[in-house]
Amino acid sequence: MTSHTGRAAVLTTAEELAADLTASRPPIVLDVRWSLGGPPGHGEYRGGHIPSAVYVDLDAELAGHGGDPTNGRHPLPDPVDLEAAIRRWGIHDDDRVVAYDASGNLAAARAWWLLRWAGLADVRLLDGGLAAWTAAGGPLSTDEVTPTPGDASVRPGSLPVLSVEEAASWPRHGVLLDARAPERYRGESEPIDPKAGHIPGAHNAPTGDNLTADGHFRPTEELRDRFAALGATERPVAAYCGSGVTAAHQLAALAIAGVEGRLYPGSWSQWSNLDRPVATGAEPGRGAGRTGR
(Lines give C-alpha, C1' and ligand atoms only; values in the text may rest on other atoms or scores of the structure.)
Protein backbone atom coordinates (compact mmCIF):
# COMPACT_ATOMS: atom_id res chain seq x y z
CA MET A 1 0.00 0.00 0.00
CA THR A 2 1.34 3.42 -0.94
CA SER A 3 2.18 5.59 2.02
CA HIS A 4 0.34 8.90 2.26
CA THR A 5 2.05 10.16 5.38
CA GLY A 6 3.97 13.36 6.02
CA ARG A 7 2.76 16.94 6.25
CA ALA A 8 3.06 17.66 2.51
CA ALA A 9 1.00 14.57 1.67
CA VAL A 10 -1.87 15.60 3.97
CA LEU A 11 -2.02 19.40 3.97
CA THR A 12 -1.90 22.35 1.65
CA THR A 13 -1.56 25.97 2.72
CA ALA A 14 -3.82 28.85 1.73
CA GLU A 15 -1.01 30.34 -0.33
CA GLU A 16 -0.41 27.06 -2.14
CA LEU A 17 -4.10 26.63 -2.85
CA ALA A 18 -4.40 30.17 -4.22
CA ALA A 19 -1.54 29.45 -6.63
CA ASP A 20 -2.95 26.06 -7.61
CA LEU A 21 -6.34 27.56 -8.41
CA THR A 22 -4.72 29.62 -11.19
CA ALA A 23 -3.25 26.54 -12.89
CA SER A 24 -4.56 25.13 -16.15
CA ARG A 25 -5.98 22.19 -14.18
CA PRO A 26 -6.87 23.48 -10.74
CA PRO A 27 -7.77 21.20 -7.83
CA ILE A 28 -11.36 20.34 -6.95
CA VAL A 29 -12.21 22.19 -3.75
CA LEU A 30 -14.79 20.82 -1.32
CA ASP A 31 -16.50 22.91 1.37
CA VAL A 32 -17.43 20.49 4.18
CA ARG A 33 -18.75 22.83 6.85
CA TRP A 34 -20.72 20.84 9.44
CA SER A 35 -21.35 20.67 13.17
CA LEU A 36 -22.80 17.91 15.34
CA GLY A 37 -26.44 18.62 16.04
CA GLY A 38 -26.31 21.90 14.16
CA PRO A 39 -27.99 22.93 10.92
CA PRO A 40 -26.31 21.85 7.66
CA GLY A 41 -23.47 24.11 6.59
CA HIS A 42 -25.10 25.03 3.28
CA GLY A 43 -26.24 28.38 4.59
CA GLU A 44 -22.71 29.26 5.65
CA TYR A 45 -21.47 28.13 2.24
CA ARG A 46 -23.91 30.47 0.51
CA GLY A 47 -22.73 33.28 2.74
CA GLY A 48 -19.19 32.99 1.37
CA HIS A 49 -16.90 30.21 0.23
CA ILE A 50 -13.61 29.72 -1.59
CA PRO A 51 -14.18 30.37 -5.30
CA SER A 52 -14.99 27.16 -7.25
CA ALA A 53 -15.65 25.22 -4.01
CA VAL A 54 -18.46 22.68 -4.12
CA TYR A 55 -20.61 22.25 -1.03
CA VAL A 56 -20.57 18.73 0.48
CA ASP A 57 -23.28 17.68 2.93
CA LEU A 58 -21.50 15.45 5.45
CA ASP A 59 -24.64 13.80 6.81
CA ALA A 60 -26.17 13.15 3.40
CA GLU A 61 -23.12 12.45 1.24
CA LEU A 62 -20.29 11.27 3.50
CA ALA A 63 -22.26 8.70 5.48
CA GLY A 64 -24.60 5.79 4.88
CA HIS A 65 -28.25 5.75 5.78
CA GLY A 66 -30.82 3.31 7.07
CA GLY A 67 -31.39 4.36 10.65
CA ASP A 68 -30.14 1.20 12.40
CA PRO A 69 -28.32 2.52 15.50
CA THR A 70 -26.23 -0.66 15.71
CA ASN A 71 -24.42 0.55 12.58
CA GLY A 72 -23.49 3.86 14.21
CA ARG A 73 -24.59 7.40 13.37
CA HIS A 74 -22.29 7.87 10.38
CA PRO A 75 -21.62 4.45 8.82
CA LEU A 76 -19.60 4.32 5.64
CA PRO A 77 -21.71 5.21 2.61
CA ASP A 78 -22.66 2.66 -0.01
CA PRO A 79 -19.86 2.74 -2.64
CA VAL A 80 -22.40 3.28 -5.43
CA ASP A 81 -23.82 6.33 -3.65
CA LEU A 82 -20.35 7.64 -2.85
CA GLU A 83 -19.21 7.29 -6.45
CA ALA A 84 -22.27 9.21 -7.63
CA ALA A 85 -21.50 12.00 -5.16
CA ILE A 86 -17.82 12.14 -6.12
CA ARG A 87 -18.75 12.45 -9.79
CA ARG A 88 -21.35 15.10 -8.95
CA TRP A 89 -18.58 17.12 -7.30
CA GLY A 90 -16.73 17.08 -10.64
CA ILE A 91 -13.91 14.74 -9.63
CA HIS A 92 -11.88 12.62 -12.04
CA ASP A 93 -9.53 9.82 -10.96
CA ASP A 94 -6.35 11.86 -11.37
CA ASP A 95 -7.62 15.13 -9.90
CA ARG A 96 -6.17 16.72 -6.81
CA VAL A 97 -8.86 17.37 -4.21
CA VAL A 98 -8.67 19.90 -1.36
CA ALA A 99 -11.23 19.83 1.45
CA TYR A 100 -11.81 22.48 4.10
CA ASP A 101 -14.28 23.66 6.71
CA ALA A 102 -14.42 26.43 9.31
CA SER A 103 -13.62 24.30 12.37
CA GLY A 104 -9.98 23.28 12.09
CA ASN A 105 -10.82 20.53 9.57
CA LEU A 106 -12.67 18.50 12.20
CA ALA A 107 -15.39 17.85 9.59
CA ALA A 108 -13.36 18.12 6.39
CA ALA A 109 -11.09 15.32 7.58
CA ARG A 110 -14.03 12.93 7.07
CA ALA A 111 -13.97 13.82 3.36
CA TRP A 112 -10.18 13.54 3.27
CA TRP A 113 -10.23 10.07 4.78
CA LEU A 114 -13.29 8.81 2.89
CA LEU A 115 -11.97 9.84 -0.51
CA ARG A 116 -8.69 8.07 0.21
CA TRP A 117 -10.63 5.00 1.41
CA ALA A 118 -12.43 5.20 -1.95
CA GLY A 119 -9.11 5.06 -3.81
CA LEU A 120 -8.44 8.69 -4.74
CA ALA A 121 -4.70 9.24 -4.60
CA ASP A 122 -4.27 12.99 -4.10
CA VAL A 123 -6.47 14.45 -1.38
CA ARG A 124 -5.39 17.28 0.93
CA LEU A 125 -6.78 19.37 3.75
CA LEU A 126 -6.51 23.16 3.71
CA ASP A 127 -4.49 23.78 6.86
CA GLY A 128 -6.32 26.32 9.00
CA GLY A 129 -9.48 26.02 6.91
CA LEU A 130 -11.51 28.97 5.72
CA ALA A 131 -10.01 31.31 8.33
CA ALA A 132 -6.53 30.70 6.93
CA TRP A 133 -7.81 31.42 3.43
CA THR A 134 -9.31 34.78 4.36
CA ALA A 135 -6.33 35.69 6.56
CA ALA A 136 -4.10 35.19 3.52
CA GLY A 137 -6.28 37.60 1.56
CA GLY A 138 -8.19 34.98 -0.35
CA PRO A 139 -11.49 36.13 -1.88
CA LEU A 140 -14.88 34.61 -1.16
CA SER A 141 -17.67 33.78 -3.58
CA THR A 142 -21.40 33.44 -2.91
CA ASP A 143 -22.41 31.53 -6.04
CA GLU A 144 -23.75 27.98 -5.94
CA VAL A 145 -21.10 25.94 -7.75
CA THR A 146 -22.46 23.14 -9.93
CA PRO A 147 -19.49 21.59 -11.71
CA THR A 148 -19.45 19.49 -14.85
CA PRO A 149 -19.74 15.89 -13.59
CA GLY A 150 -16.55 13.87 -13.28
CA ASP A 151 -15.91 10.21 -13.98
CA ALA A 152 -13.89 9.05 -10.96
CA SER A 153 -14.25 5.39 -10.02
CA VAL A 154 -14.56 4.29 -6.41
CA ARG A 155 -12.32 1.50 -5.14
CA PRO A 156 -13.71 0.94 -1.65
CA GLY A 157 -11.40 -0.47 0.97
CA SER A 158 -8.28 1.35 -0.22
CA LEU A 159 -7.65 2.16 3.45
CA PRO A 160 -8.06 -0.46 6.21
CA VAL A 161 -10.82 -0.17 8.79
CA LEU A 162 -11.78 -1.97 12.00
CA SER A 163 -14.94 -3.94 12.57
CA VAL A 164 -16.50 -3.88 16.03
CA GLU A 165 -14.88 -7.24 16.79
CA GLU A 166 -11.47 -5.95 15.71
CA ALA A 167 -11.93 -2.80 17.81
CA ALA A 168 -12.60 -5.00 20.84
CA SER A 169 -9.38 -6.97 20.41
CA TRP A 170 -7.16 -4.17 19.09
CA PRO A 171 -5.77 -3.02 22.49
CA ARG A 172 -4.25 -6.48 23.00
CA HIS A 173 -1.67 -5.85 20.29
CA GLY A 174 -2.00 -2.20 19.29
CA VAL A 175 -3.02 1.26 20.47
CA LEU A 176 -6.67 2.29 20.25
CA LEU A 177 -7.20 6.05 20.49
CA ASP A 178 -10.48 7.61 21.62
CA ALA A 179 -10.66 11.03 19.99
CA ARG A 180 -13.57 12.37 22.05
CA ALA A 181 -13.50 14.99 24.79
CA PRO A 182 -12.12 13.77 28.14
CA GLU A 183 -15.46 13.99 29.96
CA ARG A 184 -17.09 11.70 27.41
CA TYR A 185 -14.17 9.27 27.55
CA ARG A 186 -14.34 9.15 31.35
CA GLY A 187 -18.09 8.55 31.24
CA GLU A 188 -18.99 11.73 33.09
CA SER A 189 -21.02 13.14 30.21
CA GLU A 190 -22.71 11.59 27.19
CA PRO A 191 -24.91 14.02 25.25
CA ILE A 192 -25.99 11.81 22.38
CA ASP A 193 -25.18 8.09 22.68
CA PRO A 194 -26.99 5.58 24.96
CA LYS A 195 -24.04 4.68 27.22
CA ALA A 196 -21.26 6.75 28.76
CA GLY A 197 -17.63 5.65 28.87
CA HIS A 198 -15.14 4.18 26.44
CA ILE A 199 -14.02 0.96 24.79
CA PRO A 200 -11.95 -1.01 27.32
CA GLY A 201 -8.26 -0.58 26.62
CA ALA A 202 -8.64 2.66 24.62
CA HIS A 203 -6.49 5.70 25.42
CA ASN A 204 -7.97 9.18 25.37
CA ALA A 205 -6.44 11.53 22.78
CA PRO A 206 -8.88 14.42 22.24
CA THR A 207 -8.91 15.55 18.63
CA GLY A 208 -8.80 19.22 19.56
CA ASP A 209 -5.28 18.72 20.92
CA ASN A 210 -4.07 18.20 17.34
CA LEU A 211 -4.62 21.90 16.65
CA THR A 212 -3.10 25.24 17.53
CA ALA A 213 -5.29 28.04 18.83
CA ASP A 214 -5.87 29.36 15.31
CA GLY A 215 -7.07 26.03 13.91
CA HIS A 216 -3.88 24.89 12.17
CA PHE A 217 -2.42 21.45 12.76
CA ARG A 218 0.35 21.56 15.33
CA PRO A 219 3.95 21.32 14.09
CA THR A 220 4.92 17.87 12.91
CA GLU A 221 7.39 17.22 15.73
CA GLU A 222 4.80 18.17 18.35
CA LEU A 223 2.31 15.75 16.86
CA ARG A 224 4.94 13.02 16.67
CA ASP A 225 5.82 13.57 20.34
CA ARG A 226 2.15 13.52 21.29
CA PHE A 227 1.51 10.18 19.64
CA ALA A 228 4.81 8.72 20.81
CA ALA A 229 3.76 9.42 24.40
CA LEU A 230 0.64 7.34 23.71
CA GLY A 231 2.67 4.47 22.26
CA ALA A 232 1.20 5.06 18.82
CA THR A 233 4.50 5.34 16.97
CA GLU A 234 5.73 1.86 17.89
CA ARG A 235 2.57 -0.29 17.79
CA PRO A 236 -0.29 -0.55 15.28
CA VAL A 237 -2.73 2.29 15.89
CA ALA A 238 -6.44 2.77 15.30
CA ALA A 239 -8.85 5.54 16.24
CA TYR A 240 -12.52 6.06 16.99
CA CYS A 241 -14.70 8.93 18.16
CA GLY A 242 -18.44 9.38 18.53
CA SER A 243 -19.43 8.40 15.01
CA GLY A 244 -16.33 8.19 12.81
CA VAL A 245 -16.04 11.89 11.90
CA THR A 246 -13.44 13.49 14.18
CA ALA A 247 -11.51 10.21 14.39
CA ALA A 248 -10.64 10.88 10.74
CA HIS A 249 -9.00 14.09 11.97
CA GLN A 250 -6.96 11.96 14.38
CA LEU A 251 -5.81 9.84 11.45
CA ALA A 252 -4.84 12.98 9.54
CA ALA A 253 -2.75 14.14 12.50
CA LEU A 254 -1.16 10.70 12.74
CA ALA A 255 -0.38 10.80 9.01
CA ILE A 256 1.27 14.21 9.41
CA ALA A 257 3.41 12.63 12.14
CA GLY A 258 4.37 9.82 9.75
CA VAL A 259 2.08 7.15 11.22
CA GLU A 260 -0.56 5.22 9.29
CA GLY A 261 -3.62 4.39 11.36
CA ARG A 262 -6.95 2.64 10.94
CA LEU A 263 -10.44 3.99 11.49
CA TYR A 264 -13.16 2.23 13.45
CA PRO A 265 -16.07 3.74 11.46
CA GLY A 266 -18.86 2.62 13.81
CA SER A 267 -17.09 4.29 16.73
CA TRP A 268 -18.82 4.87 20.07
CA SER A 269 -22.24 5.35 18.49
CA GLN A 270 -22.12 1.75 17.30
CA TRP A 271 -20.34 0.26 20.32
CA SER A 272 -22.74 1.83 22.82
CA ASN A 273 -25.76 0.44 20.96
CA LEU A 274 -24.47 -3.11 21.21
CA ASP A 275 -24.03 -5.52 24.10
CA ARG A 276 -20.39 -4.59 24.58
CA PRO A 277 -18.36 -3.87 27.73
CA VAL A 278 -17.86 -0.26 28.74
CA ALA A 279 -14.99 1.22 30.75
CA THR A 280 -15.19 4.46 32.71
CA GLY A 281 -12.65 6.71 34.37
CA ALA A 282 -9.45 8.32 33.17
CA GLU A 283 -7.54 5.08 32.54
CA PRO A 284 -7.96 2.60 29.66
CA GLY A 285 -9.75 0.26 32.08
CA ARG A 286 -9.25 -3.19 30.64
CA GLY A 287 -11.31 -4.66 33.46
CA ALA A 288 -12.56 -2.07 35.93
CA GLY A 289 -15.70 -0.10 35.33
CA ARG A 290 -17.16 -2.52 32.81
CA THR A 291 -20.76 -3.29 32.13
CA GLY A 292 -22.48 -5.38 29.52
CA ARG A 293 -25.75 -3.45 29.70
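**Exercise 1. An arginine and its partner**

Classify arginine 7 from its relative accessibility: is it buried, partly exposed or exposed? Then find its salt-bridge partner and locate both residues.

*Solution.*
- Step 1. Arginine 7 has 27% relative accessibility, so it counts as partly exposed. Buried is under 20% relative accessible area, exposed over 50%, partly exposed in between (1.4 Å probe, protein chains only).
- Step 2. This is a predicted model, with local features needing pLDDT of at least 70 and side-chain atom pairs pLDDT 80 or more, while totals for chains, interfaces and linings use all residues. Numbering starts from 1 along each chain as its sequence is written, and side-chain values use heavy atoms, without hydrogens and water.
- Step 3. Aspartate 127 has 9% relative accessibility, so it is buried.
- Step 4. The side chains of arginine 7 and aspartate 127 form a salt bridge, 3.7 Å from N to O. The criterion is a side-chain nitrogen of Lys or Arg within 4 Å of a carboxyl oxygen of Asp or Glu.
- Step 5. Now place the two residues. Arginine 7 is in helix 1 (residues 7–10) and aspartate 127 is in the loop between strand 5 and helix 7 (129–135), so the salt bridge ties together parts 120 residues apart in sequence. Helices (H or I, at least four residues) and strands (E, at least two) are DSSP runs, numbered from the N terminus.

**Exercise 2. More salt bridges**

How many salt bridges does the structure hold? Work through the pairs of glutamate 61 and glutamate 221, then list one network.

*Solution.*
- Step 1. The count is 21 salt bridges.
- Step 2. Glutamate 61 is buried at 14% relative accessible area. Arginine 88 is partly exposed at 44%.
- Step 3. Their side chains meet in a salt bridge of 2.7 Å, N to O. Glutamate 61 belongs to helix 4 (residues 58–61) and arginine 88 to helix 5 (residues 79–88), so this pair ties together parts 27 residues apart in sequence.
- Step 4. Glutamate 221 pairs with arginine 224; the closest N and O atoms are 2.3 Å apart. Glutamate 221 has a relative accessible area of 48%, so it is partly exposed. Arginine 224, at 28%, is partly exposed as well.
- Step 5. Helix 10 (residues 220–229) holds both glutamate 221 and arginine 224, which are three residues apart, about one turn of the helix.
- Step 6. Arg73, Asp178, Arg180, Arg184, Glu190 and Asp193 are joined into one network by salt bridges that share partners.

**Exercise 3. The five-stranded sheet**

Give the strand order of the open sheet of five strands, and say which strands stand at the edges.

*Solution.*
- Step 1. The order is 1-5-4-2-3, and the pairing is parallel. Strands pair if DSSP finds at least two bridges between them.
- Step 2. Strand 1 and strand 3 are at the edges with a single partner strand each, so one side of each has no neighbour in the sheet.
- Step 3. Begin at strand 1 (residues 11–12). Two bridges pair strand 1 with strand 5 in the parallel sense. Threonine 12 has leucine 126 of strand 5 as its bridge partner.
- Step 4. Strand 2 and strand 4 are parallel, over four bridges. Isoleucine 28 is partnered by valine 97 in strand 4.
- Step 5. Strand 2 and strand 3 (residues 54–55) also run parallel, joined by two bridges. There, aspartate 31 has tyrosine 55 of strand 3 as its bridge partner.
- Step 6. From strand 2 the chain passes through helix 3 (residues 42–47) to strand 3, in a right-handed β-α-β crossover. Right-handed means that, with the strands pointing away from the viewer, the path from the first strand over the helix to the second runs clockwise.
- Step 7. Strand 4 (residues 97–100) runs parallel to strand 5, with three bridges joining them. Valine 97 stands opposite valine 123 in strand 5. The chain goes from strand 4 through helix 6 (residues 108–117) to strand 5, and this β-α-β crossover is right-handed.

**Exercise 4. Two faces of a strand**

Which residues cover the faces of strand 5 and of strand 2?

*Solution.*
- Step 1. In a regular strand the side chains alternate between the two faces of the sheet.
- Step 2. Strand 5 (residues 123–126) has Val123 and Leu125 on one side and Arg124 and Leu126 on the other. All four are buried, and both faces are covered.
- Step 3. Strand 2 (residues 28–31) has Ile28 and Leu30 on one side, Val29 and Asp31 on the other. These too are all buried, with both faces covered.

**Exercise 5. The four-stranded sheet**

What is the strand order in the open sheet of four strands?

*Solution.*
- Step 1. The order is 7-6-8-9, with parallel pairing.
- Step 2. Strand 7 (203–204) and strand 9 (261–263) are the edges; each has a single partner strand, so one side of each lacks a neighbour in the sheet.
- Step 3. Strand 6 (residues 175–178) and strand 8 (residues 237–240) run parallel and are joined by four bridges. Valine 175 stands opposite valine 237 in strand 8.
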